[in-house]
Amino acid sequence: MGRVRTVFEKSVDGRRGSSVPSSGFPKRDLDEMIPKKFIRSTPLNLPKLSEPEVVRHYTNLSRMNYSIDVGFYPLGSCTMKYNPKMNEIISRFEGFTFIHPYQPEESVQGALRIMYELQEKLKKITGMDHFTLQPSAGAHGEFTGMLIIKKYHEDRGDFKRKKVLIPDSAHGTNPASSAMCGFEVVELKSGKDGRVDLAELKSKLNDEVAALMLTNPNTLGLYEKEIEKIADLVHDAGALLYYDGANLNAILGRIKPGDMGFDVVHLNLHKTFSTPHGMGGPGAGPVGVKEKLRDFLPVPIVDFKNGRFYLNYDLPKSIGRVRSFHGNFIVMVKALAYVDFMGEEGLKKVAELSVLNANYMRKKISEFLKIPYNDFCMHEFVASGEELKKYGVKTIDLAKRLMDYGFHPPTIYFPLIVHEAIMIEPTETETKETLDNFIEALKKIVEEAKSDPNLLKNAPTKTPVGRLDEVRAVRKPKLRWRGDDK
Amino acid sequence: MKRYTRTHEWIEVDGKVGRVGITNYAQDQLGDIVFVELPEIGKELRKGEVLCTVESVKSASDVYAPVSGKVVEVNVDLDSQPEKINKDAEGEGWIAKMELSNPSELDELMTEEEYEKFCSQGE
């Protein structure tokens, strides 16, 4: 398949999608109604096509897309689980889609109740005392959570705490969010077992540390077994413990971050709670806090008093708004639908099956690909393409070849502490047959790497476009079509 | 005199000034370099502090000062041609020149032979 022509290139002069009937009013010149300086001097460059041409153009584009509804999407760290269609049906009820944030509270009690109930359920799931639903996605949640931590220390009159500790295996957003809040990031080297090294942590903790940002299970898919000791060390030093909720799927209904000692938690509704993501969002990144941090939450929070739900702006120490209006409301509807459909037992099963699926794959894949921290894992694991280098093949080639077998490639080159990393997260919604098909494809590709490495280096060949020039895309990005390049 | 760090920087000293860059091994691990955030001239650093950041297609990585000292010159060519690091990491792809404030720190670094051995042991 050659390059896909843009809708502008398909344009033919004189063609149009619809014809507007005469209004019956006398025709007036534009400059009679609009001052001349506001009138365009050059015509707007719109493509000229018939309606079926437009429909076919976009339908064909959509068929080139890859999504969880098309196939397996084991993108490590992203929890690409199936998005139940029931969520979509419910979230499209007119009562949800035809309301406006400026409506009086009395007329949107149902919507406020949805938000309130979601807050209550997230509290129960995470073991936190209060929630804000405002943040738009994970990194936005991190930013909000770290601002709360900053405000907490400043409110105590403690202005020394300028540092945030972050393990070298952390999601890249953690140091970025901390830096955005004005903190200095201090890296914690992981121990030999891929987990937090208590001695390293002790050596970096002091009265200048505001918080430790952690995800548990960590990005290697390993559970931080010493989490209680870690929490004690952090709290004894006067710092707070932040939970990156990206990996919550592994522990849903089983353990609560609040019980582990975390003070602030952000969740990704678009990961753990099955709302769509991956070019399909939008996401939502609610933040939960322990009681002592309630006063710093963004306003408004949704509260309930005297039989009525209301937006509570009465938090004088609030960090302020972090979002226009009340966040991505429709995403909240979907998440609550998911939690209610699954129920407590269902959510426990999510954690169990996601861990079972990951370990099944880890065990099978370890027979032909190196797994550096090959320990019992949680919902995901990290393999390495290091040993394929001697055949002139890198992990990126392996990933690209998987596309020829019809799979979305896993996350690669992350976490940074594993060379040639390939990070696999199957999630709980996949069948054993799907997992087996993927394992079989990966095994075949590893054999191809040895017998015919060019098959990998030239991949993908069965996709709408072949290997893209990632270097040029970064060095000379073209971010929009300007009409002058064919 | 050329010395190497465990964090994959090199320094080649001539008198009081040393040219600093990332090693050939490091550029190979990082893959295609797409951007170098050069340090400011005059910046004073202690050994092990972040000198600058190098961005590849895969990730953004900190480059650490191999010794303490002051940045006296930077390789401005890297602004427009970051690929120079991939082509010649330990030559034309140098990043900065530093005036050493404590030359004895060089003794703590590795020789070329030691560094090669260090890399072959898989970090």
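**Exercise 1. In the predicted model, classify Phe304(A) as buried, partly exposed or exposed, and describe its ring pairing.**

*Solution.*
Step 1. The relative accessible area of Phe304(A) is 40%. Buried means under 20% and exposed means over 50%, with partly exposed in between. Phe304(A) is therefore partly exposed.

Step 2. A pair of aromatic rings is described by the distance of the centres and the angle of the planes. For Tyr116(A) and Phe304(A), the centres are 5.8 Å apart and the planes stand at 45°. Planes under 30 degrees apart count as stacked and those over 60 as edge-to-face, so the rest are tilted. The pair of Tyr116(A) and Phe304(A) is accordingly tilted.

Step 3. Tyr116(A) belongs to helix α5 (residues 109-126) of chain A, and Phe304(A) to strand β8 (residues 301-305) of chain A. With their positions 188 residues apart, the pair links distant parts of the chain.

**Exercise 2. Determine how many aromatic pairs the whole structure holds, and analyse the pair of Phe72(A) and Phe438(A).**

*Solution.*
Step 1. Over all chains, a search of the whole structure finds 14 aromatic pairs.

Step 2. In the pair of Phe72(A) and Phe438(A), the ring centres lie 5.3 Å apart and the planes form an angle of 80°. Planes over 60 degrees apart count as edge-to-face, so this pair is edge-to-face.

Step 3. Phe72(A) is located in the loop between α2 (51-63) and α3 (85-91) of chain A, whereas Phe438(A) is in helix α13 (residues 432-451) of chain A. The two are 366 residues apart, and their pair links distant parts of the chain.

Step 4. Phe72(A) has a relative accessible area of 4% and is buried. Phe438(A), at 0%, also counts as buried.

Step 5. Phe72(A) and Phe438(A) form one aromatic cluster together with Phe407(A).

**Exercise 3. Locate two cis peptide bonds that end in Pro217(A) and Pro300(A).**

*Solution.*
Step 1. The bond from Asn216(A) to Pro217(A) is cis, with omega near 0°. Pro217(A) is placed in the loop between β4 (209-214) and α9 (227-236) of chain A.

Step 2. The bond from Val299(A) to Pro300(A) is also cis, with omega near -10°. Pro300(A) occupies the loop between β7 (287-289) and β8 of chain A.

Step 3. The loop between β7 and β8 of chain A also contains Phe296(A). Phe296(A) has a relative accessible area of 3%, so it is buried.

**Exercise 4. For Ser77(A) and His8(B), state the sign of phi, the location and the burial.**

*Solution.*
Step 1. Ser77(A) has a positive phi, near 80°, and is a residue other than glycine. Its position is in the loop between α2 and α3 of chain A. At 6% relative accessibility, Ser77(A) counts as buried.

Step 2. His8(B), which is not a glycine, has a positive phi of about 70°. His8(B) lies in the loop between β1 (2-4) and β2 (9-14) of chain B. Its relative accessible area is 10%, so His8(B) is buried.

**Exercise 5. Identify the residues of the negative surface patch on chain B, and classify Glu113(B) by its accessibility.**

*Solution.*
Step 1. The negative patch is formed by Glu112(B), Glu113(B), Glu114(B) and Glu116(B).

Step 2. Glu113(B) is part of helix α4 (residues 112-120) of chain B.

Step 3. The relative accessible area of Glu113(B) is 69%. Exposed means over 50%, so Glu113(B) is exposed.

Terms used
Residues numbered from 1 in each chain as written. Chains lettered and ligands numbered in written order. Predicted model: local features only at pLDDT ≥ 70, side-chain atom pairs only at ≥ 80, totals over all residues. Heavy atoms only, no water. Patch = residues over 30% accessible without salt bridge, like charges linked within 9 Å, V, L, I, M, F, W, Y side chains within 5 Å. Areas by Shrake-Rupley, 256 points an atom, 1.4 Å probe, with all protein chains shown as cover. Salt bridge = Lys/Arg side-chain N within 4 Å of Asp/Glu carboxyl O. Lys, Arg positive; Asp, Glu negative; His and termini not counted. Charge placed at Lys NZ, Arg CZ, Asp CG, Glu CD. Helix = DSSP H or I, 4+ residues; strand = E, 2+ residues; numbered from the N terminus. Buried < 20%, exposed > 50% of the residue type's maximum accessible area, 1.4 Å probe, protein only. Phe/Tyr/Trp six-rings, centres within 6.5 Å; stacked < 30°, edge-to-face > 60°.
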